[in-house]
Amino acid sequence: MINKTLVLTYLYLLIYILLSSGVILYNKWVLSPKYFNFPLPITLTMIHMGFSGAVAFLLVRVFKVVTPVKMSFEIYATCVIPISAFFASSLWFGNTAYLHISVAFIQMLKALMPVATFVMAVVCGTDKPRCDVFLNMLLVTGIFAEALRLVLTQVLLQKKGLTLNPITSLYYIAPCSFVFLFVPWYLLEKPEMQVSQIQFNLWIFFSNALCALALNFSIFLVIGRTGAVTIRVAGVLKDWILIALSTVIFPESTITGLNIIGYAIALCGVVMYNYIKVKDVRASQQPAESLPERITKDWKLEKKSSDIFVPNNSSDSSRGGSGGNGAASDLNVDVEAPLLSTSRLSHIGRTHLIRDP
(Lines give C-alpha, C1' and ligand atoms only; values in the text may rest on other atoms or scores of the structure.)
Protein backbone atom coordinates (compact mmCIF):
# COMPACT_ATOMS: atom_id res chain seq x y z
CA MET A 1 0.00 0.00 0.00
CA ILE A 2 1.30 3.42 -0.96
CA ASN A 3 2.27 5.66 1.94
CA LYS A 4 0.63 9.00 1.12
CA THR A 5 2.75 10.90 3.63
CA LEU A 6 5.96 9.59 2.08
CA VAL A 7 4.72 10.38 -1.43
CA LEU A 8 3.84 13.94 -0.40
CA THR A 9 7.24 14.40 1.20
CA TYR A 10 9.04 13.34 -1.98
CA LEU A 11 6.70 15.54 -4.02
CA TYR A 12 7.55 18.56 -1.85
CA LEU A 13 11.25 17.77 -2.21
CA LEU A 14 10.89 17.59 -6.01
CA ILE A 15 9.05 20.91 -6.08
CA TYR A 16 11.78 22.45 -3.91
CA ILE A 17 14.52 21.16 -6.21
CA LEU A 18 12.81 22.52 -9.33
CA LEU A 19 11.97 25.90 -7.80
CA SER A 20 15.41 26.33 -6.26
CA SER A 21 17.14 25.52 -9.54
CA GLY A 22 14.89 27.91 -11.45
CA VAL A 23 15.34 30.80 -8.99
CA ILE A 24 19.13 30.41 -8.94
CA LEU A 25 19.39 30.45 -12.72
CA TYR A 26 16.91 33.35 -12.92
CA ASN A 27 18.85 35.38 -10.35
CA LYS A 28 22.11 34.70 -12.17
CA TRP A 29 20.57 35.95 -15.40
CA VAL A 30 19.18 39.11 -13.76
CA LEU A 31 22.38 39.98 -11.88
CA SER A 32 24.95 39.09 -14.54
CA PRO A 33 26.43 42.07 -16.43
CA LYS A 34 26.45 39.93 -19.58
CA TYR A 35 22.67 39.48 -19.57
CA PHE A 36 20.05 41.65 -17.85
CA ASN A 37 22.75 43.60 -15.99
CA PHE A 38 21.20 44.41 -12.62
CA PRO A 39 24.32 44.19 -10.40
CA LEU A 40 22.52 44.99 -7.13
CA PRO A 41 22.12 41.74 -5.15
CA ILE A 42 20.88 43.42 -1.94
CA THR A 43 18.19 45.28 -3.85
CA LEU A 44 17.08 42.09 -5.59
CA THR A 45 16.93 40.25 -2.26
CA MET A 46 14.93 43.09 -0.69
CA ILE A 47 12.45 42.89 -3.56
CA HIS A 48 12.03 39.17 -2.84
CA MET A 49 11.56 39.69 0.91
CA GLY A 50 9.23 42.66 0.48
CA PHE A 51 7.06 40.80 -2.02
CA SER A 52 6.97 37.63 0.13
CA GLY A 53 6.12 39.61 3.26
CA ALA A 54 3.36 41.54 1.49
CA VAL A 55 1.75 38.39 0.09
CA ALA A 56 1.96 36.66 3.46
CA PHE A 57 0.37 39.69 5.15
CA LEU A 58 -2.52 39.68 2.67
CA LEU A 59 -3.10 35.96 3.13
CA VAL A 60 -3.02 36.18 6.94
CA ARG A 61 -4.60 39.54 7.75
CA VAL A 62 -6.80 40.43 4.78
CA PHE A 63 -8.00 37.18 3.21
CA LYS A 64 -7.55 35.23 6.49
CA VAL A 65 -6.47 32.07 4.71
CA VAL A 66 -4.57 31.03 7.84
CA THR A 67 -4.65 32.23 11.44
CA PRO A 68 -1.53 33.81 12.94
CA VAL A 69 -0.09 32.02 15.94
CA LYS A 70 0.33 33.58 19.35
CA MET A 71 4.07 34.05 19.55
CA SER A 72 5.76 35.20 22.73
CA PHE A 73 8.46 37.84 22.69
CA GLU A 74 10.99 35.26 23.87
CA ILE A 75 10.39 32.99 20.86
CA TYR A 76 10.39 35.98 18.52
CA ALA A 77 13.67 37.26 19.94
CA THR A 78 15.44 33.90 20.15
CA CYS A 79 14.17 32.31 16.91
CA VAL A 80 12.50 34.68 14.46
CA ILE A 81 15.06 37.49 14.67
CA PRO A 82 18.14 35.21 14.32
CA ILE A 83 16.48 33.24 11.50
CA SER A 84 15.65 36.48 9.69
CA ALA A 85 19.19 37.78 10.11
CA PHE A 86 20.81 34.60 8.78
CA PHE A 87 18.16 34.26 6.07
CA ALA A 88 18.87 37.78 4.85
CA SER A 89 22.64 37.37 5.01
CA SER A 90 22.64 33.99 3.24
CA LEU A 91 20.49 35.35 0.40
CA TRP A 92 22.57 38.51 0.17
CA PHE A 93 25.93 36.71 0.06
CA GLY A 94 24.55 33.98 -2.19
CA ASN A 95 23.23 36.44 -4.76
CA THR A 96 26.43 38.50 -4.56
CA ALA A 97 28.46 35.42 -5.46
CA TYR A 98 26.61 35.14 -8.79
CA LEU A 99 28.18 38.43 -9.84
CA HIS A 100 31.70 37.00 -9.67
CA ILE A 101 31.52 33.18 -9.75
CA SER A 102 29.85 30.77 -12.14
CA VAL A 103 26.79 28.84 -11.04
CA ALA A 104 28.57 25.50 -11.50
CA PHE A 105 31.47 26.48 -9.26
CA ILE A 106 29.13 27.85 -6.56
CA GLN A 107 27.18 24.59 -6.48
CA MET A 108 30.42 22.67 -6.05
CA LEU A 109 31.34 24.85 -3.11
CA LYS A 110 27.93 24.19 -1.58
CA ALA A 111 28.88 20.54 -1.09
CA LEU A 112 30.13 21.75 2.29
CA MET A 113 26.59 22.67 3.33
CA PRO A 114 25.72 19.31 4.95
CA VAL A 115 28.91 19.68 6.99
CA ALA A 116 28.02 23.18 8.10
CA THR A 117 24.44 22.15 8.80
CA PHE A 118 25.56 19.21 10.93
CA VAL A 119 28.00 21.37 12.92
CA MET A 120 25.32 23.97 13.57
CA ALA A 121 22.83 21.24 14.51
CA VAL A 122 25.28 19.97 17.13
CA VAL A 123 25.82 23.50 18.44
CA CYS A 124 22.07 24.10 18.69
CA GLY A 125 21.46 20.75 20.37
CA THR A 126 19.32 19.19 17.62
CA ASP A 127 21.95 16.55 16.83
CA LYS A 128 24.68 14.68 18.69
CA PRO A 129 28.39 14.71 17.82
CA ARG A 130 29.64 11.37 16.55
CA CYS A 131 33.11 10.24 15.53
CA ASP A 132 31.93 8.31 12.46
CA VAL A 133 30.05 11.35 11.17
CA PHE A 134 33.01 13.67 11.69
CA LEU A 135 35.36 11.23 9.94
CA ASN A 136 32.91 11.10 7.05
CA MET A 137 32.90 14.91 6.98
CA LEU A 138 36.56 14.88 5.95
CA LEU A 139 35.40 13.79 2.49
CA VAL A 140 32.98 16.67 2.11
CA THR A 141 34.15 20.03 0.82
CA GLY A 142 30.29 26.65 2.95
CA ILE A 143 28.23 29.05 4.15
CA PHE A 144 27.52 28.78 7.88
CA ALA A 145 24.89 31.50 7.81
CA GLU A 146 22.75 29.33 5.54
CA ALA A 147 23.37 26.28 7.70
CA LEU A 148 22.47 28.05 10.94
CA ARG A 149 19.39 29.53 9.30
CA LEU A 150 18.17 26.07 8.29
CA VAL A 151 18.78 24.62 11.74
CA LEU A 152 17.09 27.52 13.54
CA THR A 153 14.15 27.24 11.17
CA GLN A 154 13.85 23.56 12.08
CA VAL A 155 13.97 24.52 15.77
CA LEU A 156 11.20 27.07 15.24
CA LEU A 157 8.99 24.72 13.23
CA GLN A 158 9.56 21.48 15.14
CA LYS A 159 10.97 22.12 18.60
CA LYS A 160 9.12 25.14 19.96
CA GLY A 161 5.65 23.63 19.85
CA LEU A 162 4.30 26.22 17.41
CA THR A 163 1.99 25.24 14.57
CA LEU A 164 3.64 27.26 11.83
CA ASN A 165 2.92 26.66 8.17
CA PRO A 166 4.85 28.17 5.24
CA ILE A 167 2.54 31.21 5.10
CA THR A 168 2.78 32.12 8.78
CA SER A 169 6.53 31.44 8.71
CA LEU A 170 7.01 33.97 5.94
CA TYR A 171 4.57 36.32 7.68
CA TYR A 172 6.98 36.61 10.60
CA ILE A 173 10.36 36.12 8.92
CA ALA A 174 10.16 38.01 5.59
CA PRO A 175 9.48 41.51 7.04
CA CYS A 176 12.22 41.06 9.61
CA SER A 177 14.66 39.96 6.89
CA PHE A 178 13.71 43.05 4.86
CA VAL A 179 14.63 45.25 7.85
CA PHE A 180 17.99 43.53 8.25
CA LEU A 181 18.76 44.10 4.56
CA PHE A 182 17.87 47.79 4.67
CA VAL A 183 21.04 48.89 6.49
CA PRO A 184 23.57 47.31 4.08
CA TRP A 185 21.42 48.41 1.15
CA TYR A 186 21.41 52.02 2.37
CA LEU A 187 25.18 52.02 2.86
CA LEU A 188 26.30 50.00 -0.17
CA GLU A 189 23.78 50.07 -2.99
CA LYS A 190 21.66 53.18 -2.57
CA PRO A 191 24.54 55.53 -3.54
CA GLU A 192 25.28 53.36 -6.59
CA MET A 193 21.65 53.45 -7.72
CA GLN A 194 21.71 57.26 -7.65
CA VAL A 195 24.72 57.60 -9.97
CA SER A 196 24.34 54.65 -12.34
CA GLN A 197 21.80 53.89 -15.02
CA ILE A 198 19.81 50.92 -13.72
CA GLN A 199 17.14 49.43 -15.94
CA PHE A 200 13.96 48.28 -14.28
CA ASN A 201 11.55 45.91 -15.99
CA LEU A 202 8.37 45.38 -13.97
CA TRP A 203 7.49 42.05 -15.52
CA ILE A 204 10.96 40.58 -14.97
CA PHE A 205 11.13 41.63 -11.34
CA PHE A 206 7.55 40.55 -10.64
CA SER A 207 8.07 37.09 -12.13
CA ASN A 208 11.41 36.77 -10.35
CA ALA A 209 9.85 37.73 -7.00
CA LEU A 210 6.96 35.30 -7.62
CA CYS A 211 9.40 32.45 -8.17
CA ALA A 212 11.27 33.42 -5.00
CA LEU A 213 7.98 33.45 -3.07
CA ALA A 214 7.13 29.94 -4.25
CA LEU A 215 10.63 28.79 -3.32
CA ASN A 216 10.33 30.27 0.18
CA PHE A 217 7.02 28.47 0.68
CA SER A 218 8.58 25.18 -0.42
CA ILE A 219 11.61 25.64 1.88
CA PHE A 220 9.49 26.10 5.00
CA LEU A 221 7.18 23.28 3.91
CA VAL A 222 10.03 20.81 3.42
CA ILE A 223 11.85 21.78 6.63
CA GLY A 224 8.62 21.46 8.58
CA ARG A 225 8.02 17.94 7.24
CA THR A 226 11.60 16.64 7.26
CA GLY A 227 14.51 18.65 8.63
CA ALA A 228 17.43 20.92 7.86
CA VAL A 229 19.83 18.13 6.90
CA THR A 230 17.29 16.46 4.61
CA ILE A 231 16.77 19.60 2.59
CA ARG A 232 20.52 20.00 2.22
CA VAL A 233 20.98 16.39 1.12
CA ALA A 234 18.15 16.88 -1.38
CA GLY A 235 20.08 19.93 -2.53
CA VAL A 236 22.86 17.64 -3.77
CA LEU A 237 20.59 16.46 -6.59
CA LYS A 238 19.69 20.07 -7.26
CA ASP A 239 23.39 20.96 -7.48
CA TRP A 240 23.99 18.35 -10.16
CA ILE A 241 21.01 19.65 -12.12
CA LEU A 242 22.29 23.21 -11.82
CA ILE A 243 25.81 22.28 -12.87
CA ALA A 244 24.44 20.64 -16.01
CA LEU A 245 21.95 23.40 -16.85
CA SER A 246 24.31 26.27 -16.12
CA THR A 247 26.87 24.99 -18.61
CA VAL A 248 24.12 25.04 -21.26
CA ILE A 249 22.45 28.35 -20.38
CA PHE A 250 25.65 30.21 -19.48
CA PRO A 251 28.46 29.11 -21.81
CA GLU A 252 31.07 30.86 -19.66
CA SER A 253 30.33 28.39 -16.86
CA THR A 254 32.85 25.82 -18.01
CA ILE A 255 33.85 22.95 -15.75
CA THR A 256 36.89 20.72 -15.99
CA GLY A 257 37.40 17.07 -15.31
CA LEU A 258 39.20 17.95 -12.07
CA ASN A 259 36.12 19.88 -10.92
CA ILE A 260 33.92 16.86 -11.55
CA ILE A 261 36.29 14.52 -9.70
CA GLY A 262 36.45 16.82 -6.70
CA TYR A 263 32.70 17.21 -6.56
CA ALA A 264 32.22 13.44 -6.94
CA ILE A 265 34.44 12.89 -3.88
CA ALA A 266 32.40 15.41 -1.94
CA LEU A 267 29.21 13.71 -3.13
CA CYS A 268 30.45 10.37 -1.77
CA GLY A 269 30.82 11.98 1.64
CA VAL A 270 27.33 13.44 1.44
CA VAL A 271 25.86 10.06 0.46
CA MET A 272 27.63 8.38 3.38
CA TYR A 273 26.38 11.05 5.74
CA ASN A 274 22.85 10.59 4.44
CA TYR A 275 23.14 6.83 4.97
CA ILE A 276 24.24 7.33 8.59
CA LYS A 277 21.37 9.72 9.26
CA VAL A 278 18.78 7.41 7.68
CA LYS A 279 20.10 4.49 9.73
CA ASP A 280 19.85 6.55 12.91
CA VAL A 281 16.29 7.61 12.09
CA ARG A 282 15.21 4.03 11.43
CA ALA A 283 16.80 2.87 14.68
CA SER A 284 15.01 5.59 16.63
CA GLN A 285 11.70 4.65 15.02
CA GLN A 286 11.80 1.00 16.18
CA PRO A 287 8.49 0.28 17.96
CA ALA A 288 8.87 0.45 21.71
CA GLU A 289 7.65 -2.42 23.88
CA SER A 290 3.93 -2.03 24.38
CA LEU A 291 2.30 -1.83 27.81
CA PRO A 292 0.52 -5.22 27.51
CA GLU A 293 3.83 -6.88 26.61
CA ARG A 294 5.54 -5.34 29.62
CA ILE A 295 2.68 -6.45 31.91
CA THR A 296 2.89 -10.00 30.53
CA LYS A 297 6.66 -10.16 31.06
CA ASP A 298 6.36 -8.80 34.61
CA TRP A 299 3.59 -11.30 35.39
CA LYS A 300 5.69 -14.20 34.11
CA LEU A 301 8.65 -13.02 36.18
CA GLU A 302 6.52 -12.76 39.30
CA LYS A 303 4.91 -16.13 38.55
CA LYS A 304 8.36 -17.65 38.31
CA SER A 305 9.36 -16.14 41.63
CA SER A 306 6.16 -17.45 43.21
CA ASP A 307 7.04 -21.07 42.41
CA ILE A 308 8.62 -21.48 45.87
CA PHE A 309 6.90 -24.10 47.98
CA VAL A 310 7.78 -24.16 51.69
CA PRO A 311 5.91 -26.76 53.83
CA ASN A 312 4.40 -25.79 57.14
CA ASN A 313 6.83 -26.66 59.94
CA SER A 314 4.13 -27.49 62.47
CA SER A 315 2.51 -29.80 60.00
CA ASP A 316 5.83 -31.57 59.36
CA SER A 317 6.50 -32.10 63.07
CA SER A 318 3.03 -33.52 63.62
CA ARG A 319 3.60 -36.13 60.95
CA GLY A 320 6.66 -37.44 62.75
CA GLY A 321 8.35 -40.45 61.27
CA SER A 322 5.67 -41.05 58.67
CA GLY A 323 7.38 -38.57 56.47
CA GLY A 324 10.98 -39.02 57.43
CA ASN A 325 12.33 -37.58 54.20
CA GLY A 326 9.36 -35.34 53.61
CA ALA A 327 11.28 -32.16 54.37
CA ALA A 328 13.75 -32.98 51.66
CA SER A 329 11.31 -34.30 49.10
CA ASP A 330 8.51 -31.81 49.58
CA LEU A 331 10.70 -28.74 49.62
CA ASN A 332 10.35 -27.70 45.98
CA VAL A 333 12.43 -24.57 45.53
CA ASP A 334 13.07 -22.90 42.17
CA VAL A 335 16.80 -22.82 41.46
CA GLU A 336 16.59 -19.15 40.46
CA ALA A 337 14.74 -18.13 43.61
CA PRO A 338 17.86 -17.00 45.55
CA LEU A 339 18.54 -14.39 42.83
CA LEU A 340 15.17 -12.76 43.41
CA SER A 341 14.24 -10.61 46.34
CA THR A 342 11.24 -11.57 48.45
CA SER A 343 9.57 -8.34 47.46
CA ARG A 344 9.06 -9.80 43.98
CA LEU A 345 6.78 -12.54 45.34
CA SER A 346 3.30 -12.20 44.03
CA HIS A 347 0.08 -12.78 45.84
CA ILE A 348 0.10 -16.36 44.58
CA GLY A 349 3.55 -16.92 46.09
CA ARG A 350 2.51 -15.54 49.46
CA THR A 351 -0.49 -17.89 49.61
CA HIS A 352 1.87 -20.83 49.05
CA LEU A 353 3.79 -19.86 52.18
CA ILE A 354 0.73 -20.01 54.45
CA ARG A 355 -1.18 -22.85 52.81
CA ASP A 356 -1.11 -26.28 54.43
CA PRO A 357 0.18 -28.84 51.87
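A nonpolar core is here a set of buried Ala, Val, Leu, Ile, Met, Phe, Trp, Tyr and Cys residues joined through side-chain atoms within 4.5 Å. In this predicted model, the largest such core has 26 residues, and those with the most contacts inside it are Ile42, Met71, Leu170, Tyr172, Ile173 and Leu181. The elements that contribute two or more residues to this core are α2, α3, α8 and α9, with α8 giving the most, at 8 residues. A second core, separate from this one, consists of 16 residues, among them Ile24, Tyr98, Phe205 and Leu242.

The two cores are set out below.

| Core | Number of residues | Residues named |
|---|---|---|
| Largest | 26 residues | Ile42, Met71, Leu170, Tyr172, Ile173 and Leu181 (most contacts inside the core) |
| Second, separate | 16 residues | Ile24, Tyr98, Phe205 and Leu242 (included in the core) |

As for the protein as a whole, the model contains 15 helices and 0 strands, and buried residues make up 41% of its 357 residues. The exposed area of the protein is about 19800 Å², of which carbon and sulfur atoms supply 67%.

Helix α2, which runs over residues 41–62, can be followed in greater detail. Its 22 residues should span 32 Å at 1.5 Å a residue, and because its end C-alpha atoms lie 31 Å apart, the expected and modelled spans agree. The buried residues of α2 include Pro41, Ile42, Thr43, Leu44, Thr45 and Met46, as well as His48, Met49, Ser52, Gly53, Ala56 and Val60, and the buried residues of this helix pack against α1, α3, α8 and α9. After α2 comes Lys64, whose phi is positive, near 55°.

Leu44, a residue of helix α2, has a relative accessibility of 0% and therefore counts as buried, the cut-off being under 20% relative accessible area. Leaving aside residues up to four places away in sequence, Leu44 touches Asn27, Val30, Leu31, Phe38, Phe205 and Asn208. One of these partners, Asn27, is 17 residues from Leu44 in sequence, while the C-alpha atoms of Leu44 and Asn27 are 8.4 Å apart in space. Another partner, Phe205, is included in the second core.

Helix α1, which covers residues 4–31, also offers a view of the surface. Leu14 is found in this helix and, with a relative accessible area of 45%, is partly exposed, since that class lies between the 20% and 50% limits. Together with Leu8, Leu11, Ile15 and Leu18, Leu14 forms a nonpolar patch on the surface, and these residues have about 420 Å² of accessible area together.

Notes
Residues are numbered from 1 along each chain as its sequence is written. This is a predicted model: local features need pLDDT of at least 70, side-chain atom pairs count only at pLDDT 80 or more; totals for chains, interfaces and linings use all residues. Side-chain values use heavy atoms; hydrogens and water are left out. Buried means under 20% relative accessible area, exposed over 50%, partly exposed in between (1.4 Å probe, protein chains only). Helices (H or I, at least four residues) and strands (E, at least two) are DSSP runs, numbered from the N terminus. The expected span of a helix is 1.5 Å times one less than its number of residues. Contact means heavy atoms within 4.5 Å. Patches are made of residues with over 30% relative accessible area and no salt bridge: like charges are joined within 9 Å, nonpolar side chains (Val, Leu, Ile, Met, Phe, Trp, Tyr) within 5 Å. Accessible areas come from the Shrake-Rupley method with a 1.4 Å probe; for residues, only the protein chains shown count as cover. A salt bridge is a side-chain nitrogen of Lys or Arg within 4 Å of a carboxyl oxygen of Asp or Glu.
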